[in-house]
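Biologist: Please take a close look at the contact between chain A and chain B, and at which residues each chain gives to the contact.

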Amino acid sequence: MSKEKELIIDAKNIYKRYYIGQPNELEILHGISLKVYKGEFVAIVGASGSGKSTLMNIIGALDKPTEGEYMLDGVDIMKAKDKELSAIRNQKIGFVFQTYNLISRTSALKNVELPMLYNGVPSKERIERAKKLMAMVDMDERMHHTPDELSGGQKQRVAIARAMANDPAILLCDEPTGALDSHTGRVVMDIFHKLNEEQGKTIVFITHSPELAEECQRILTLSDGMFIGEREGKVNAPA
Amino acid sequence: MLLLENILMALSGLKANKMRSLLTMLGIIIGIASVIAINTVGNSMTSSIQSEFEEMGANNISIGVSQKSSSSETDEWGMTFNEGPHSTTMSDEDYLNDDILTDISEKWPEDIKGIMREASAGSGTVTINDDYAYVSVKGENDFGLDDAIDDDKLLSGRKFKNRDYTEARKVCIVSDYFCNNLYAGDTSAAIGQNVKVVISNKNYYFTIVGVYEYEDSEYSSTSEADTETSMYVPVDTAFDLLHKDSQYSEVTLATASGVNVDSFMEEVQDYINKRYYRNNESFEVSTFSMSSILESMTSQLTMMSLAISIIAGISLLVGGIGVMNIMLVSIQERTREIGTRKALGATNTSIRLQFIVESIVLCIVGGIIGMFLGLILGAVGSEKLGYAARASTGSIIFAIVFSMVIGVFFGYYPANKAAQMNPIDALRYE
């Protein structure tokens with residue numbers, strides 16, 4: 001990794017403990033440090049119970065570390081309050097979940113509009129951008145369908161379009177192909193590659209599948225709340 | 001912008017869960033409908049009664065002589081002695097007389113349209129050959145006569161002239177029934193006839209100058225021939241008959257339009273009592289008006305419909321609790337949605353807003369349905385009771401505002417609960 005590259009995630013000595021001060025106090029993350037640069041496609045792998053989800057919640061500003069330092073795209077997360085955390089999640093992070101988490105009662109297009117709605121984007125601009133994003137993931141013919149009327153792969157494509165809505169600094173993907181068959185999983189992976197290569201989008205990809213992790217530029221292995229390995233994947237960093 | 005989106009979202013949610021929404025709103029619908037129905041019926045009743053009373057003369061003030069309320073004294077032992085009225089029968093000086101009435105007419109020439117002076121000279125019989133008619137002889141001044149006989153009820157002849165009054169001439173106006181009995185129904189034949197009226201075995205003679213159309217009471221049980229009808233004479237003629245100067249136990253005063261009847265009534269009462277009845281030990285004058293009766297009736301009706309409305313309002317409370325219950329269930333069901341929204345950047349405030357708006361929309365839609373239902377029920381109810389249906393704008397505003405208040409009040413707790421959810425737990429919720 002070249003040093004002149006912009007640092008998106010800069011986490012140092014992150015600890016996460018639960019039930020603090022009680023007899024059943026639990027430490028999930030034991031001083032994790034993580035640096036992710038702009039344009040990187042990083043995989044974090046680990047067995048269940050290794051602390052992946054906890055780490056993802058912290059990276060995604062859904063949760064604060066108990067101890068440590070965390071700068072996300074130049075913002076100090078440790079000092080942010082609830083309202084600021086909401087704004088960070090809204091503008092800097094695009095979540096892609098294993099279970100899609102689309103809002104079922106509204107159309108696919110409305111789902112894509114939602115982050116922009118919370119960001120105060122005017123209605124006309126919002127719809128325009130949402131349509132463009134839907135076209136990007138090849139879902140422009142289904143934008144008025146509700147999530148119930150879409151297949152798993154289609155739902156995940158809508159979810160990716162939604163994650164890209166506010167052009168976030170980072171796409172945070174939690175097992176995005178975990179609920180998909182290998183073929184549709186492939187389609188979804190290809191979209192991530194495309195976003196990474198063509199738009200230079202920074203992606204942090206959490207998975208327990210070693211094969212998918214191999215496709216990323218850098219693979220970090222998490223075990224029992226600590227990184228135990230870091231190696232390069234098969235894909236090289238874009239020029 | 002977010003608010004508009006929230007409203008649209010809430011409406012689409014309402015449409016998606018029609019049955020559930022309807023059941024949730026049912027309490028609100030019934031509550032609002034009953035409150036509005038009761039108000040509409042009450043309102044219709046009040047306004048019908050009001051217009052009836054106005055026809056009867058809401059601008060009239062009755063001035064009557066009444067007994068003074070007994071004064072009481074409590075001695076040092078705590079015993080109460082009632083000092084009862086000294087006299088219960090009215091003597092001549094206790095009555096209202098022309099001097100007093102002239103005085104007040106001159107004191108308030110602008111406010112008083114006229115005073116009806118009436119005197120009853122008793123009941124009598126008129127007999128011509130074998131035919132007879134019963135009459136009650138009533139003295140009227142010109143203003144009173146105009147009130148007693150509408151111009152279109154005068155069938156023949158004329159009303160009294162000025163000199164009839166001033167000279168207390170022995171003229172009279174009789175009814176058409178009277179003519180039926182004595183002149184075979186020929187009203188013009190009666191004009192100019194002298195008739196002898198026998199009152200308590202004394203004979204009095206009058207000249208008929210006019211015939212009016214008698215309005216039979218609906219509930220009259222006597223036959224037409226036996227009906228006692230009024231024979232009007234000038235008021236001073238009646239007093240001559242009675243061998244008395246003018247005296248009235250009650251007169252009716254018509255106020256000019258635009259006069260505040262209630263305050264004027266009190267002013268007149270105070271004036272007469274201070275000036276003429278200060279030294280009278282047993283009697284005083286008291287006044288009352290249709291408008292004061294109307295006012296007390298209206299306020300009673302309003303109180304009654306308010307009381308019933310409050311009882312009906314309890315169902316609104318129950319409805320509101322129903323809304324809260326459903327909102328809590330809905331939030332539980334949509335925990336993941338809340339988590340997702342938070343992950344996408346929704347602040348606590350926007351989540352709270354979303355659910356409060358949803359609750360308000362639910363209540364307002366219920367309120368509007370209830371309002372229409374209530375208006376229909378109210379119209380049908382008023383119809384059945386025989387009043388013209390009259391909905392109040394107030395109750396419609398009330399329906400909308402109150403259902404909104406219910407929405408906010410019962411939506412706040414669930415919405416706040418949603419807003420306080422931890423996004424991580426909410427996202428993981430199965």
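Modeller: The contact takes 20 residues from chain A and 19 residues from chain B, where two residues are in contact if their C-beta atoms, placed from the backbone, lie within 7 Å. On the side of chain A that touches chain B, the elements giving two or more residues are α2 (82-92) and α3 (108-118) of chain A; helices (H or I, at least four residues) and strands (E, at least two) are DSSP runs, numbered from the N terminus. The largest share of that side, 6 residues, comes from α2(A). By class, the side of chain A that touches chain B has 8 nonpolar, 7 polar and 5 charged residues, with Ala, Val, Leu, Ile, Met, Phe, Trp, Tyr, Cys and Pro counted as nonpolar, Asp, Glu, Lys and Arg as charged, and the others, Gly among them, as polar. This is a predicted model: local features need pLDDT of at least 70, side-chain atom pairs count only at pLDDT 80 or more, and totals for chains, interfaces and linings use all residues. Residues are numbered from 1 along each chain as its sequence is written, while chains are lettered from A and ligands numbered from 1 in the order in which they are written.

Chain A also has an open sheet of 6 strands, in the order β6-β7-β8-β3-β9-β10, with mixed pairing; two strands pair if DSSP finds at least two bridges between them. β6 (93-96) and β10 (226-232) of chain A each have a single partner strand, so one side of each is left without a neighbour in the sheet. Within chain A, β3 (residues 41-45) and β8 (residues 202-207) run parallel and are joined by 5 bridges. A43(A) has F205(A) as its bridge partner in β8(A).
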